[in-house]
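Thanks for making the time this morning. I would like to walk you through one protein model, slowly, and I will try to explain each step as I go.

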Amino acid sequence: MSWRKYPHPILPFFVYLCKPVNKNSMNSRDKQILQIALPSIVSNITVPLLGLVDVAIVGHLGSPAYIGAIAVGGMLFNIIYWIFGFLRMGTSGMTSQAYGKRDLPEVVRLLFRSVGIGLIVACCLIILQVPIRQAAFLVIHPTDEVRQLATLYFHICIWGAPAMLGLYGLSGWYIGMQNSRIPMYIAITQNIVNIIASLSLVYFFGMKVEGVALGTLIAQYAGFLMGLALWMRHYGKLKKYLTITKYKLRITGSDNKAGSIWQKEAMKRFFQVNRDIFLRTLCLVAVTLFFTSAGASQGVIILAVNTLLMQLFTLFSYVMDGFAYAGEALSGRYIGARNREAFMNTTRRLFVWGGVMAIVFTLTYALGGNAFLSLLTDDKEVIAAADTYFYWALAIPVAGIAAFIWDGIFIGATATRGMLVSMAVAAGCFFAIYYGLRPTMDNHALWLAFLAYLFARGLVQTLLSKRIFSIFEQKQV
């Protein structure tokens with residue numbers, strides 16, 4: 001199918017969506033998608049359990065200050081690690097392309113480059129831990145007791161940065177290698193270790209916040225070491241590309257020449273890709289934090305309502321991120337292999353699965369959303385107030401489907417500039433709509449702005465997808 005006879009590749013893409021497919025090909029593509037998506041969904045769901053376990057433990061220690069300390073400390077680390085999430089996403093896209101090309105030396109370079117940069121960033125965080133904590137407290141303003149306990153928690157858990165950022169690189173690499181099962185095993189193991197270690201330190205050794213922090217720290221390093229051990233077991237054969245000369249780690253390419261993992265051109269591309277993802281993440285964090293802040297400014301009831309309704313978005317995002325990860329791995333693989341037909345089949349099936357998930361979540365929320373909210377709170381005033389805004393939450397799956405699917409495809413294609421542009425435009429829409437309508441719509445303006453933000457991300461990426469489709473028209477270099 002030629003794209004050149006159409007004025008824009010968006011048109012043939014939607015023509016392609018309606019094109020009949022071979023059943024065997026469809027089943028094969030669906031199987032590939034689910035093999036990556038399902039373990040990724042399990043991994044995503046287990047991530048918040050680390051924080052929930054900590055809160056559950058300190059919640060029985062007799063003082064609300066302990067809960068406040070864990071909440072403040074956990075929020076700080078969520079933001080820090082969220083900002084450096086580019087280490088996972090950038091690695092995933094570039095690794096999947098190298099995998100598609102069967103360029104195993106480059107696959108090894110990407111692993112060591114990503115993990116190495118993650119460890120360097122982690123060391124910087126440890127060195128700068130005091131000013132980072134002080135700057136955070138200037139914004140959060142905790143009480144003196146919470147500040148003291150949160151400081152203790154922060155200065156213990158910050159030492160887990162090398163494990164967490166190193167694991168980001170490993171997880172991105174595994175997904176790029178079409179293997180999302182290992183990150184799932186790691187996530188489950190971390191939760192088990194965290195529960196055992198934290199309970200033991202608190203109830204058998206008499207520790208309090210410091211016991212919970214140490215339990216989290218132990219779980220983080222257990223996950224990182226497990227990631228390394230599983231690499232040795234399943235990918236140990238790739239060690240043949242490694243050579244050490246004069247205390248320097250070098251990778252032997254297909255031409256039998258050893259090169260540094262810090263090659264100038266490769267590093268330039270690595271930082272270009274990750275710079276765009278980093279800036280995109282800053283925009284995402286800004287919108288997310290502002291949403292919470294804007295709700296809080298309208299009173300405790302509205303803050304509670306928005307927090308509860310956002311749980312519906314969070315659940316949807318856990319599932320859709322799994323399909324986005326599948327998009328990262330498979331689209332990058334087929335772009336690397338220059339297999340346009342497989343790429344288009346995969347893209348189509350990803351959007352089909354996204355559509356199915358949007359329908360399922362919309363119907364589930366419409367039929368059981370109020371019951372779910374009742375599980376989270378028994379405050380009748382909050383539940384009654386939530387009914388006023390519930391229809392906005394029902395629109396989340398439909399508004400967000402394209403953004404999630406395109407994010408995965410753009411990462412796999414390393415078209416990160418398009419991701420940054422779409423996020424910047426969407427963030428601009430969010431703030432413009434909110435401030436424009438706030439005087440007359442109050443909290444409804446906030447939700448309308450958020451839905452417009454989700455929709456705009458997907459729309460702009462659709463318009464910018466020409467760059468991805470044109471990759472297959474370019475000559476192989």
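I will talk about the surface, then two helices, and then the cysteines.

Please keep in mind throughout that what you see is a predicted model.

Let me begin on the surface, where Val 42, Ile 188, Ile 192, Ile 195, Ile 196, Leu 199, Tyr 203, Phe 204 and Phe 205 form a nonpolar patch, and together these residues have about 890 Å² of accessible area. Which helix gives the largest share of this patch? That is helix H9, residues 181-203, which contributes 6 residues. One residue in H9 is Ile 188, and Ile 188 counts as partly exposed because its relative accessibility is 34%, a value that falls between the 20% limit for buried and the 50% limit for exposed.

Now compare that with Ser 43, which lies in helix H2, residues 23-58. Is Ser 43 buried or exposed? With a relative accessibility of 11%, Ser 43 counts as buried, and if we leave aside its neighbours within four places in sequence, Ser 43 is in contact with Pro 183, Met 184 and Ala 187.

Let me turn to the two helices. Helix H17 runs over residues 443-464, so to speak of its length, it has 22 residues and reaches 32 Å from its first C-alpha to its last, close to the 32 Å expected at 1.5 Å a residue. Because 16 of those 22 residues are buried, H17 is largely enclosed by the rest of the structure. Helix H4, residues 86-101, has 16 residues and reaches 23 Å between its first and last C-alpha, which is close to the 22 Å expected at 1.5 Å a residue. H4 is mostly covered as well, with 15 of its 16 residues buried, and it is followed by Arg 102, whose phi is positive, near 60 degrees.

Finally, the cysteines. A disulfide is a covalent bond between the sulfur atoms of two cysteines. How many disulfides are there here? Counting pairs of cysteine sulfur atoms within 2.5 Å, the count comes to 0 disulfides. Cys 124, for instance, is in no disulfide, and the nearest cysteine sulfur, that of Cys 123, is 7.0 Å away. Cys 124 is partly exposed, with a relative accessible area of 39%. As for Cys 429, its sulfur is 12 Å from the closest cysteine sulfur, in Cys 283, and that is too far for a bond. Cys 429 is also partly exposed, with a relative accessible area of 29%.

Note on methods. Residues numbered from 1 in each chain as written. Predicted model: local features only at pLDDT ≥ 70, side-chain atom pairs only at ≥ 80, totals over all residues. Heavy atoms only, no water. Patch = residues over 30% accessible without salt bridge, like charges linked within 9 Å, V, L, I, M, F, W, Y side chains within 5 Å. Areas by Shrake-Rupley, 256 points an atom, 1.4 Å probe, with all protein chains shown as cover. Salt bridge = Lys/Arg side-chain N within 4 Å of Asp/Glu carboxyl O. Helix = DSSP H or I, 4+ residues; strand = E, 2+ residues; numbered from the N terminus. Buried < 20%, exposed > 50% of the residue type's maximum accessible area, 1.4 Å probe, protein only. Expected span 1.5 Å × (residues − 1). Contact = heavy atoms within 4.5 Å.
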